[in-house]
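Please open the structure in a viewer and keep the sequence panel visible beside it. The stops below are arranged so that each selection leads on to the next.

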Amino acid sequence: MADHDRTASLMTPSKLAQVKPKGPATPAAWLDQMAADAGHQHARRLAELCKDLRAQAQQRDISPLISELARLGEALAGLDFGLLQARGWWARTTGKSRTAGAEFTSQFEQIESVAEGLLAQAQAVQKGQLDKVPASERALLELEVEFRAIDKIIDQAARWLQDMRNQIKERQAATPDESAQQQITDDAARCEILVTRLKALRAVSSAAQQAHQQGQGAAARRGSLSKLLQQVSAEVKSWQAHISALASAAGNSSAPSLKLDDPMESHRELQLRIKQAIADCTQLQGQEKVVADSLGALGAQLEA
C-alpha cells in the first residue's frame, strides 16, 4: 500500500471530527480574533451555568403544594362548631347532641384526610429543597465568579483601548508613511472590534448580575418557606390533637358541655397560617419564574 493511501486510511470519520481548524494565519488576524473573543471562556461558562440554574428553577415547582394548601383552607371553612353548641337536657333527650356530634366527627375526619395530604406534600417539598441547596448555592457562587471575571476583563480591555487610541493619535501626528498608515488603520479597526465586544460583555455582565441578585432573593425566600412549612406542619398537628379530642367528647352524648374555646382558637390559627402560606408560596412561585426568565434571556444573549 502506498504511503498516502495508508495515511488516508487512518483518517476515520471519528478522527476527522477531532481535527481542529488552524488559528488565524497572520499576527494581525490573531489580534483581531483576540479582540473579538475577549472573555469568551467566561461567557461560555456563564451559558452553561444559566442552563443549569434555569433547569433547577423549573424543577422547583411548588404548584402542587399551593393546591394542597388551598384544599385544606377550603376544607377548614367547612368545620361547623355550631353543631356542638347545643348540649342541654333536651338535646340529650332527643338524641340531637349525639347526631350533631357524629356529624362534627365526620367533618373532622374528612378535613383531617386533606391535612394529611398537605403534611406529606410539605415534607416532600422540604426534602426536595434541602437536597438541591448545595448544587444551587455552588452554581450561584460560580455565576458571580464568572461575571466578576468578565468585569475585570472589561476594565483591562478599556484601559488597553484608551492606550491604543492615544498611540494612534500620536502615530497619526507623526506623518506616517504608507505602510505605517496601513498599520494604524488596522489598529483602529481592531479598536472598533474591541468596542463592539466590550458592549456585548457589559450587557452580559449586567444581565448576569441581575439574574444573580434575583437568584439570591429566591434562595432567601425558599429558606423562609422551609421555616413556614415547619410552622404549618406543627400547627396542623396541634389542630389535629385539639379537634380529635373535641370530636371524641362530642361523640359522648352524656357529656353535659364541651370546651370549645381552645379548639376554636387552634382552628382559627391554622386557617390564618394556611392563608399566609398560600400567599408566600404564590410569591415564591412567581419569583422562581422571574429567575428562570432572566436566566433564559441571559442565555439568549450569550448564544448571540
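**First stop: a residue on helix H7**

Select Leu130, which has its place in helix H7. The model is a predicted one. Is Leu130 buried or exposed? Its relative accessibility is 62%, and Leu130 therefore counts as exposed, the cut-off being over 50%. Next, add Ser226 to the selection and draw a distance between the two C-alpha atoms. Leu130 and Ser226 are 96 residues apart along the chain, and their C-alpha atoms are separated by 9.0 Å.

**The whole chain**

Now display the full chain as a cartoon. The protein chain has nine helices and zero strands, so the succession of elements from the N terminus on reads α-α-α-α-α-α-α-α-α. Of its 304 residues, 35% count as buried. Among contacts in the protein chain with a separation of 6 or more, 88% are accounted for by residues 24 or more positions apart.

Colour the chain by confidence before going further. The average pLDDT is 82, and 82% of the residues score at least 70. Residues 1–25 have a pLDDT below 50, and this stretch has seven contacts in the model beyond near neighbours in sequence. Select residues 87–95 as well: pLDDT stays under 50 there, and the model has 18 contacts for them beyond four places in sequence.

**The second largest pocket**

Return to helix H7 and show the surface. Which residues lie nearest the centre of the second largest pocket? They are Gln129, Val133, Ala219, Arg222 and Gly223, out of 13 residues that line this pocket. Two elements, helix H7 (96–173) and helix H8 (178–250), each give two or more residues to the lining. The largest share, eight residues, comes from H7. The space in the second largest pocket is about 280 Å³. Colouring its lining by residue class gives four nonpolar, five polar and four charged residues.

**The largest nonpolar core**

Hide the surface and select Leu65, Leu72, Phe104 and Trp239. Within the largest nonpolar core, which has 38 residues, these four touch the most other members. Helix H5 (63–76), H7, H8 and helix H9 (261–303) are the elements that give two or more residues to this core. Centre the view on Leu65 and show its surroundings. Beyond its neighbours within four places in sequence, Leu65 is in contact with Leu118, Gln121, Ala122, Val125, Leu229 and Cys281. Another core, of 31 residues, lies apart from the largest one; Cys50, Ile154, Ala157 and Leu194 are among its members.

Stay on helix H5 and select Glu68, which lies in that helix. Is Glu68 buried or exposed? Its relative accessible area is 16%, under the 20% cut-off, and Glu68 is therefore buried. Not counting residues up to four places away in sequence, Glu68 touches Val114, Gly117, Leu118 and Gln121. Two of these names, Leu118 and Gln121, also appear in the list of contacts of Leu65.

**Ala43 on helix H4**

Move to helix H4 (residues 40–59) and select Ala43, which is found there. Ala43 has a relative accessible area of 13%; this is under 20%, so Ala43 is buried. Leaving aside neighbours within four places in sequence, its contacts are Ile150 and Leu302. Add Val204 to the selection: it stands 161 residues from Ala43 along the chain, and the two C-alpha atoms are separated by 8.1 Å.

**Last stop: the cavity**

How many cavities of 30 Å³ or more are there? The count comes to one. The volume of the largest cavity is about 90 Å³. To find it, select Leu53, Arg60, Leu140, Gly215 and Val291, the closest to its centre of the 14 residues that line it. H4, H7, H8 and H9 each give two or more residues to this lining, and the largest share, five residues, comes from H8. Colour the lining of the largest cavity by class to finish the tour: nine residues are nonpolar, two are polar and three are charged.

How values were computed: Residues numbered from 1 in each chain as written. Predicted model: local features only at pLDDT ≥ 70, side-chain atom pairs only at ≥ 80, totals over all residues. Heavy atoms only, no water. 1 Å grid on protein atoms, 1.4 Å probe; cavity = no way out; pocket = protein on both sides within 12 Å on 5 of 7 lines; lining within 4 Å. Points joined across faces, edges and corners; volume = space filled by probe spheres on them. Helix = DSSP H or I, 4+ residues; strand = E, 2+ residues; numbered from the N terminus. Nonpolar A, V, L, I, M, F, W, Y, C, P; charged D, E, K, R; others polar. Core = buried A, V, L, I, M, F, W, Y, C linked by side-chain atoms within 4.5 Å. Buried < 20%, exposed > 50% of the residue type's maximum accessible area, 1.4 Å probe, protein only. Contact = heavy atoms within 4.5 Å. pLDDT = per-residue confidence, 0-100.
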